[in-house]
Amino acid sequence: MLLRDADGTMPEFAWPGGYPLIYVLADGAMLCSGCASGGSGSLASEAAEEAQWRIVGQDIHWEGEPVVCAHCSKQVPSAYGSGETDGDTNDARERKGV
Ligand SMILES: [Zn+2]
């Protein structure tokens with residue numbers, strides 16, 4: 001069961017929290033919310049017959065490198081950054097209590 005906005009599109013952010021959402025396809029590729037909702041000429045849906053378009057999961061992208069959308073190449077940044085030792089990441093880790 002995937003979260004959907006009231007208009008039926010796939011949300012870009014989880015609520016509450018505002019965490020970035022990514023969409024996983026049956027072939028293992030990942031999409032941004034726009035393409036998961038059929039944007040940019042995408043054919044993706046939960047009912048698609050082809051693995052390359054069938055959405056099988058919806059995940060919060062917690063941390064790590066940005067996920068690059070397999071369809072439109074948009075980068076979806078993670079909620080807590082790439083894990084590098086810059087100031088922003090350290091702040092994020094303190095917030096998480098790591
Ligand atoms: Zn996309």
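User: What percentage of the 98 residues of the protein count as buried?
Analyst: This is a predicted model, in which local features need pLDDT of at least 70 and side-chain atom pairs count only at pLDDT 80 or more, while totals for chains, interfaces and linings use all residues. Residues are numbered from 1 along each chain as its sequence is written. A residue is buried if 20 or more other C-beta atoms, placed from the backbone, lie within 10 Å of its own, exposed if 12 or fewer, and partly exposed in between. Of the 98 residues, the share that counts as buried is 19%.

User: In what order do the elements of the protein run from the N terminus on?
Analyst: Helices (H or I, at least four residues) and strands (E, at least two) are DSSP runs, numbered from the N terminus. The protein has two helices and five strands. From the N terminus on, their order is β-β-α-β-β-β-α.

User: Which strands stand at the edges of the open sheet?
Analyst: Two strands pair if DSSP finds at least two bridges between them. Three strands form the open sheet, with antiparallel pairing, in the order 2-1-3. Each edge strand has a single partner strand, so one side of each is left without a neighbour in the sheet; the edge strands are strand 2 (30-31) and strand 3 (55-60).

User: Which residue is the bridge partner of Val24 in strand 2?
Analyst: Strand 1 (residues 21-25) pairs with strand 2 in the antiparallel sense, over two bridges. In strand 2, Val24 has as its bridge partner Met30.

User: Which element supplies the largest share of the largest nonpolar core?
Analyst: A nonpolar core is a set of buried Ala, Val, Leu, Ile, Met, Phe, Trp, Tyr and Cys residues joined through C-beta atoms within 7 Å. The largest one has 14 residues, and those with the most contacts inside it are Tyr23, Leu31, Cys35, Ala36 and Ala44. Strand 1 and helix 1 (33-36) each supply at least two residues of this core. The largest share, four residues, comes from strand 1.

User: Why does Pro11 count as buried, exposed or partly exposed?
Analyst: Pro11 lies in the segment before strand 1. Contact means that the C-beta atoms of two residues, placed from the backbone, lie within 7 Å; not counting residues up to four places away in sequence, Pro11 touches Leu3, Arg4, Asp5, Leu21 and Ser33. Because Pro11 has 16 C-beta neighbours inside 10 Å, Pro11 counts as partly exposed.
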